[in-house]
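Have a look at the sequence and the model below. We'll begin with a single residue and work outwards from there.

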Amino acid sequence: MQSRICLECKASYKPTATKNNLYWCSWTCYNKGRKGEARIGYRYSHGYKYIFLPQHPDSNKSGYIAEHRLVGAVKVKRRLLKHEVVHHINGIRDDNRIENVVVCTRQEHNLYDEAIIAGKKKRTELSKVPVIQKSIDGEIIKVWGSRTEASKHFGCSIACIGSAVKKKHKAQGFIWENA
Ligand SMILES: [Zn+2]
Ligand SMILES: [Zn+2]
């Protein structure tokens, strides 16, 4: 996982897969952060950001409302209906930039999420396909077992090799093709 900045002490740290350290670097910071929630005006839950706005008609019993719903309402220029869902286009739950949210029905939302899952699956599958590394003159240098293997060797991202295959441009000074 990528490094994140602790919401409380602002230190940079690497989150692990364990719960509750997605936003705070330590239990000390987590506890401080949680206690100060109303003071700082927001909290995180299940990856979503909630704003402390007790005066809002759609806030919950604790006075919080999901930030993506606030942004969604701004986008469609009206109060959201209960059954409407706000989807994050890039799949990142706390990326609440107005261009990243779309207000939709539940049915539409299922389609959006299926598309995200299908996209991820396709990328994972492609990362396992063997890839040919060629010199600029088109000479085969090596056939790698997968894009992952090649990218590890060159210290670049899998997407860098993938994009070279797809768009037929060079990556790491070589030509890349699917085997
Ligand atoms: Zn901290
Ligand atoms: Zn969604």
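Is C156 buried, partly exposed or exposed? Start by finding its place in this predicted model: C156 sits in the loop that links helix 5 (147-154) to helix 6. Now count what surrounds it. There are 14 other C-beta atoms within 10 Å of C156. Being buried takes 20 or more, and being exposed takes 12 or fewer, so C156 comes out as partly exposed.

Who are the neighbours? If you skip the residues within four places in sequence, C156 is in contact with S151, I161, A171 and Q172. K120 is another matter: its C-alpha atom is separated from that of C156 by 19 Å, with the two residues 36 apart along the chain.

Follow the chain on from C156 and you get to helix 6 (residues 158-167). To see what that helix rests on, look at the sheet first. Three strands make up an open sheet, in the order 9-8-10, with antiparallel pairing. Strand 9 and strand 10 (175-178) are the edge strands, each pairing on one side only. From one strand to the next, the twist averages 25 degrees. Helix 6 packs on this sheet and touches strand 8 and strand 10, and its direction makes about 80 degrees with that of strand 10.

Zoom in on one pair of strands in that sheet. Strand 8 (residues 131-134) and strand 9 (residues 140-144) run antiparallel to each other and pair over four bridges. If you want one bridge to look for, try Q133, whose partner in strand 9 is K142. The two strands form a hairpin, with five residues between them. In the turn, check G138: it has a positive phi of about 90 degrees.

Now go back along the chain to helix 4 (residues 106-127). This helix has 22 residues and reaches 32 Å from its first C-alpha to its last, close to the 32 Å expected at 1.5 Å a residue. How many of its 22 residues are buried? The number is zero, so helix 4 lies largely in the open. Take I117, a residue of this helix. With 11 other C-beta atoms within 10 Å, I117 is exposed. Its C-alpha is 9.5 Å from that of G91, a residue 26 places away along the chain.

Time to zoom out. The protein chain is divided into domain 1 (1-35), domain 2 (46-126) and domain 3 (128-178). Between domain 2 and domain 3, the C-alpha centres lie 37 Å apart. In secondary structure, the protein chain comes to six helices and 10 strands. Why call the chain more spread out than a compact globule? Its radius of gyration is 22 Å, well over the 16 Å that the globule rule gives for 179 residues, so the chain is more spread out than such a globule.

A few other numbers fill in the picture. The C-alpha trace spans about 70 × 40 × 20 Å along its principal axes. Buried residues make up 15% of the 179 in the protein chain. And if you take the contacts between residues at least 6 apart in sequence, 26% of them join residues at least 24 apart.

Key. Residues are numbered from 1 along each chain as its sequence is written. Chains are lettered from A and ligands numbered from 1 in the order in which they are written. This is a predicted model: local features need pLDDT of at least 70, side-chain atom pairs count only at pLDDT 80 or more; totals for chains, interfaces and linings use all residues. Two strands pair if DSSP finds at least two bridges between them. Axes are lines fitted to C-alpha atoms, for helices over the stretch in contact, and angles run from 0 to 180 degrees between N-to-C directions. Two residues are in contact if their C-beta atoms, placed from the backbone, lie within 7 Å. The radius of gyration is taken over C-alpha atoms; the globule rule is 2.2 Å times the number of residues to the power 0.38. The expected span of a helix is 1.5 Å times one less than its number of residues. Domain bounds come from an automatic or database domain assignment.
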